[in-house]
Amino acid sequence: MKRIFKLGVMGGTFNPIHLGHLVAAETIRDEFKLDEVLFVPSGKPPHKDNDEIASPEHRWMMTLLATASNEFFSASAIEIERGGESYTRDTLLQLREIYGKDTEMFFITGADAIVEISTWHKTEDLPKLAKFIAASRPGYKLAWEKIDPRFRKSTYLVEVPALAISSTEIRRRVREGKTIKYLVPEAVEKYIYKNHLYQPKT
């Protein structure tokens, strides 16, 4: 009998990617026995204010740098290359074509995002395409009654202590000239400073 390949898909703005993302992905990979976790930086996130978002190319490079040292991690630019608004449904359909119909997909997202899932594009297709794993920081209480009923059976909640780190806080620290060491991988830290990302607008 052919073994089913288990793929974790970690979507996000990754603005910037940080150690919380990596710890969450590794914790979930281990807990759900995933064969691979694919990080997919969004090209143009439909739910985000795009003013403070670094260019897709910068976010893609930071994702590559951050994931390079883990043999189970990889990164994909499919949302960036596709152009237009980045929709989870389109990404999952595209990945199914790449990885094959027998692949079991787990879409990894934040617990706060899972509550908004009913506002996502063509939601009705999503439960057929993947199971959903909501990563939360400690103490975050996921209100199950707020989750779209169609997703409750296929959604898992995983608590990840390192998710106390946030991209918003990292951007603020860079803006204010404070250290971000040990909040992001060293290669990402160097990339941010070398390319003057998240600096105050002059």
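Q: Buried means under 20% relative accessible area, exposed over 50%, and partly exposed in between (1.4 Å probe, protein chains only). Which of these terms applies to Arg175?
A: Arg175 has a relative accessible area of 36% and is therefore partly exposed. The model is predicted: local features need pLDDT of at least 70, side-chain atom pairs count only at pLDDT 80 or more, and totals for chains, interfaces and linings use all residues. Residues are numbered from 1 along each chain as its sequence is written, and side-chain values use heavy atoms, with hydrogens and water left out.

Q: What makes the contact between Arg175 and Glu52 a salt bridge?
A: The term asks for a side-chain nitrogen of Lys or Arg within 4 Å of a carboxyl oxygen of Asp or Glu. In this pair the closest N and O atoms are 2.4 Å apart, so Arg175 and Glu52 meet the definition. Arg175 belongs to helix α8 (residues 167-175) and Glu52 to the loop between β2 and α2 (56-67), so the pair ties together parts 123 residues apart in sequence. Helices (H or I, at least four residues) and strands (E, at least two) are DSSP runs, numbered from the N terminus. Glu52, at 37% relative accessibility, is also partly exposed.

Q: How many salt bridges does the structure hold, and what distance is found between Arg3 and Asp35?
A: There are 14 salt bridges in the structure. For the side chains of Arg3 and Asp35 the distance from N to O is 2.8 Å. Arg3 sits in the segment before β1 (6-12) and Asp35 in the loop between α1 (19-32) and β2 (36-41), so this salt bridge links parts that are 32 residues apart in sequence.

Q: Why do Arg3 and Asp35 get their accessibility labels?
A: Arg3 has a relative accessible area of 56% and is therefore exposed. Asp35 is at 22% and therefore counts as partly exposed.

Q: Which residues are joined with Glu176 and Lys178 into one network?
A: The side chains of Glu176 and Lys178 meet in a salt bridge of 3.3 Å, N to O. Salt bridges that share partners join these two with Glu169, Arg172 and Arg173. Glu176 is partly exposed at 44% relative accessibility, as Lys178 is at 37%.

Q: Why is strand β5 (residues 131-136) called largely enclosed?
A: Of its 6 residues, 5 are buried, so the rest of the structure largely encloses β5.

Q: How do you know that β5 pairs with strand β4 (residues 104-110) and with strand β6 (residues 155-159)?
A: Two strands pair if DSSP finds at least two bridges between them. Strand β4 is joined to β5 by 5 bridges, and the two run parallel; Ile108 has Ile133 in β5 as its bridge partner. Between β5 and β6 there are also 5 bridges, again in the parallel sense, and Phe132 stands opposite Thr155 in β6.

Q: What is unusual about the peptide bond between Asn15 and Pro16, and about phi of Tyr182 and His196?
A: Most residues other than glycine have a negative phi, and most peptide bonds are trans. The bond joining Asn15 and Pro16 is cis, with omega of about 0°, and Pro16 is in the loop between β1 and α1. Phi is positive in Tyr182, near 70°, and in His196, near 55°. Tyr182 lies in the loop between α8 and α9 and counts as exposed at 68% relative accessibility. His196 is in the segment after α9 and is exposed at 59%.
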